[in-house]
Amino acid sequence: IASTRMVLLLLLSLGLTLGSVQSQGSSQDAFIIQYLERRLVQMEVKQDIIQMTKSVLLTHKYVLFLLRSEVKSQVDSVSVRVDRVERELEYLENKIPTQSNIEMEEALLEQQIKAVELEQLKKKAKINVENDCNTVLSQVKSLKIVKKSGDPNGCWFKDPSEGSNKVYLFSGFRNNTILEYKSLKSFTKTSTPPANEVQLPFYWQGTGHVIYNGFLYCHKADTPNEILKVDLLNGTVVDRTLLPGAGRLPVYSLNPNTYLDMAVDELGLWVIHADLEYGGNLVITKLDKVSLAVEYTWDTQCRSSDAEGAFLICGTLYVVYNTRYGGRSTIQCLYDIHDTIHRLVPVMFFPKRYTSHSSIHYHPGDKQLYAWDDGYQTIYKVETRSNAQVTSQ
């Protein structure tokens with residue numbers, strides 16, 4: 001570009017010289033001069049543009065250099081981190097035990113769990129009881145219909161404490177009135193009114209109540225799992241407790257209004273309930289009859305589904321099953337706290353009746369079951385024998 005400009009300047013000076021020689025030139029020469037001047041201006045503008053372009057390119061080159069340096073720095077940083085992660089993974093791989101070690105540890109843990117379970121079973125077998133016994137049920141022998149009174153659902157029984165002959169009747173599954181009779185004979189007579197009518201200041205729920213040593217043990221209505229101990233002489237509550245895990249489903253599926261079933265046997269006071277955490281199976285809890293404190297709890301494998309009732313004899317739970325259409329009741333499952341195992345037993349049939357029970361209570365003194373069958377108050381004679389006899393057979 002610079003050489004071209006020099007050539008044009010020489011041509012211009014030459015033209016001026018010739019113009020002066022030829023008497024100041026002609027109009028054609030003036031046009032050439034103007035043309036050359038315009039070309040010079042255009043060349044100067046192009047040169048400025050080229051200079052600006054070079055400057056922009058240099059700036060972009062510098063920016064690219066900076067970006068490249070930054071990317072290289074980041075790549076180097078990532079590479080360092082990758083190396084560090086690889087070293088940490090290698091370290092962890094060396095620390096992780098092999099599959100054989102894991103299996104050995106699992107086997108050791110399983111042995112420890114079994115040892116703890118065995119210890120718990122030993123504790124259950126050594127529970128303090130009022131009277132030890134080894135009696136088991138062999139059959140439900142006979143049926144006697146004593147009376148028909150009250151609602152289709154209810155419960156009735158004698159106070160199982162020694163020397164008591166009083167009979168109590170609870171009609172319905174929600175009420176606050178208890179009928180008290182002096183004896184079974186006076187209860188049987190239709191014309192004989194109750195000796196006492198106890199009005200409680202609260203309502204009870206279900207058909208699972210018991211009266212023991214003159215105290216009522218029952219499930220308080222409108223509570224999920226509150227058990228009350230009531231002095232029947234004045235109807236006052238002397239103690240209460242909440243039973244953990246109870247009250248979320250009926251204790252027996254065929255008695256949907258009963259959530260806690262109290263029971264008394266040769267060993268003392270019990271409560272039966274169903275627990276969702278154990279698949280709805282039955283749970284039995286030994287209670288202190290004075291303080292209502294929980295002495296121990298056993299989780300059985302006897303299902304609550306299709307059950308209509310249960311009772312205990314010498315610490316063994318017997319579960320009675322039926323169908324939702326009613327019919328002959330059968331005992332199909334038991335749980336013995338002394339053996340601390342669930343035992344399958346041959347089916348034991350109740351004497352034939354055409355409906356199902358809303359309550360069944362065992363009396364350890366009479367060796368009888370007091371049941372409520374669609375408004376009929378019935379008594380079943382039971383036959384028992386020594387647990388040693390059963391084991392030897």
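**Exercise 1. State the handedness of the link between C302 and C333, and place its two ends in the chain.**

Solution. The link of C302 and C333 is left-handed, with -80° about the S-S bond. It joins distant parts of the chain, its ends being 31 residues apart: C302 belongs to strand β13 (residues 294-303) and C333 to strand β16 (residues 330-336). Strands here are DSSP runs of E with at least two residues, helices are runs of H or I with at least four, and both are numbered from the N terminus. The model is a predicted one, in which local features need pLDDT of at least 70, side-chain atom pairs count only at pLDDT 80 or more, and totals for chains, interfaces and linings use all residues. Residues are numbered from 1 along each chain as its sequence is written, and side-chain values use heavy atoms, with hydrogens and water left out.

Next, apply the distance criterion: a disulfide is a pair of cysteine sulfur atoms within 2.5 Å. The S to S distance between C302 and C333 is 2.1 Å. The count by this rule is one disulfide. Both C302 and C333 are buried, where buried means under 20% relative accessible area, exposed over 50%, and partly exposed in between (1.4 Å probe, protein chains only).

**Exercise 2. Explain why the sulfur of C155 forms no bond with the sulfur of C218.**

Solution. Start from C155: its closest cysteine sulfur is in C218, 9.9 Å away, which is too far for a bond. From the other side, C218 has its closest cysteine sulfur in C155, again at 9.9 Å and too far. As for accessibility, C155 counts as buried because its relative value is 1%. C218 is also buried, since its relative accessible area is 0%.

**Exercise 3. Find the loops that hold D306 and C314, and describe the phi of each residue.**

Solution. As background, most residues other than glycine have a negative phi. D306, not a glycine, has a positive phi of about 65°. D306 sits in the loop between β13 and β14 (307-313), and it is partly exposed because its relative accessibility is 34%. C314 also has a positive phi, near 55°. C314 is in the loop between β14 and β15 (316-321); its relative accessibility is 2%, so C314 is buried.

**Exercise 4. Describe the surroundings of H273.**

Solution. First, H273 is located in strand β11 (residues 268-274). Second, H273 counts as buried because its relative accessibility is 1%. Third, contact means heavy atoms within 4.5 Å. Leaving aside neighbours within four places in sequence, the contacts of H273 include L243, P244, G245, A246, V251 and Y259. Also among them are L260, N281, L282, V283 and T285.

**Exercise 5. Summarise the chain as a whole.**

Solution. Count the elements: the chain has five helices and 20 strands. Then take burial: 40% of the 393 residues are buried. Finally, take the contacts between residues at least 6 apart in sequence: 52% of them join residues at least 24 apart.
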